[in-house]
Amino acid sequence: ARAGIMRCFDKLQQHANTVAAAQKLLGTEKITDVMTREANHKMAKAYYNLGKKAEALPLLTTLATDIKSVEGAEAKYLLTQMLFADKKYDQCEKEIMDFIQQSTPHQYWLAKSFILLSDVYQAKGDLFQSKHTLKSVVENYAVNDDGIIEAASAKLIEIERLEQDQILKSGN
């Protein structure tokens with residue numbers, strides 16, 4: 001019942017209530033490892049969405065050590081997103097490369113990480129790498145209905161527009 005309450009608050013995006021419900025669930029006797037991981041994941045995401053990144057960080061860091069689980073893969077992505085938001089581009093790139101090398105089975109979060117990697121390259125002024133990272137996602141991502149290809153394609157169009165702007169500026 002406690003897990004169901006936590007899941008409901010999570011679905012309703014009632015982040016403060018999600019945290020409280022997850023904490024209550026974690027206080028339950030004989031909680032399974034799977035349930036513990038789910039509660040920590042939902043609590044970390046709730047903290048993240050509440051802007052309480054200091055509270056989310058240790059939970060995400062722990063979860064991200066196991067990217068074979070969907071919670072771990074998403075946690076790894078959220079950690080890289082936090083680094084990007086803090087303009088820690090080199091560290092963000094390093095974490096994404098680590099994620100890629102670990103071969104997660106969760107392709108959605110891996111693809112999101114590649115899209116973020118293209119943002120890192122763009123922020124560092126490398127439009128060529130940014131463009132080709134996005135092209136790789138568009139050409140190789142197998143699922144057509146989860147928004148990844150659309151997101152990568154939209155960013156690719158933007159990068160190509162930026163490249164054209166640079167060409168026009170350098171030609172004058």
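Here are a few notes on the predicted model above, starting with the whole chain and ending with one helix pair.

1. A word on ground rules. This is a predicted model, with local features needing pLDDT of at least 70, side-chain atom pairs counting only at pLDDT 80 or more, and totals for chains, interfaces and linings using all residues. Residues are numbered from 1 along each chain as its sequence is written, and side-chain values use heavy atoms, leaving out hydrogens and water.

2. The chain has 9 helices and 0 strands, with helices (H or I, at least four residues) and strands (E, at least two) taken as DSSP runs numbered from the N terminus. Its C-alpha trace spans about 70 × 30 × 30 Å along the principal axes.

3. On to the surface: the chain exposes about 9800 Å², 53% of it supplied by carbon and sulfur atoms (Shrake-Rupley method, 1.4 Å probe). Of the 172 residues, 38% are buried (under 20% relative accessible area, 1.4 Å probe, protein chains only).

4. For contacts (heavy atoms within 4.5 Å) between residues at least 6 apart in sequence, 51% join residues at least 24 apart.

5. You may like the pair α5 (residues 70–85) and α7 (residues 107–123): their axes lie 10 Å apart at an angle of about 10 degrees. Axes are lines fitted to C-alpha atoms, for helices over the stretch in contact, and angles run from 0 to 180 degrees between N-to-C directions. That makes α5 roughly parallel to α7 (angles under 35 degrees).

6. Residues meeting there include Tyr77 and Phe84 in α5, and Trp109 and Leu116 in α7. The contact divides into 8 nonpolar, 3 polar and 3 charged residues; Ala, Val, Leu, Ile, Met, Phe, Trp, Tyr, Cys and Pro count as nonpolar, Asp, Glu, Lys and Arg as charged, and the others, Gly among them, as polar.

Technical notes
Angles under 35 degrees count as roughly parallel, over 145 as roughly antiparallel, 65 to 115 as roughly perpendicular and the rest as oblique. Buried means under 20% relative accessible area, exposed over 50%, partly exposed in between (1.4 Å probe, protein chains only).
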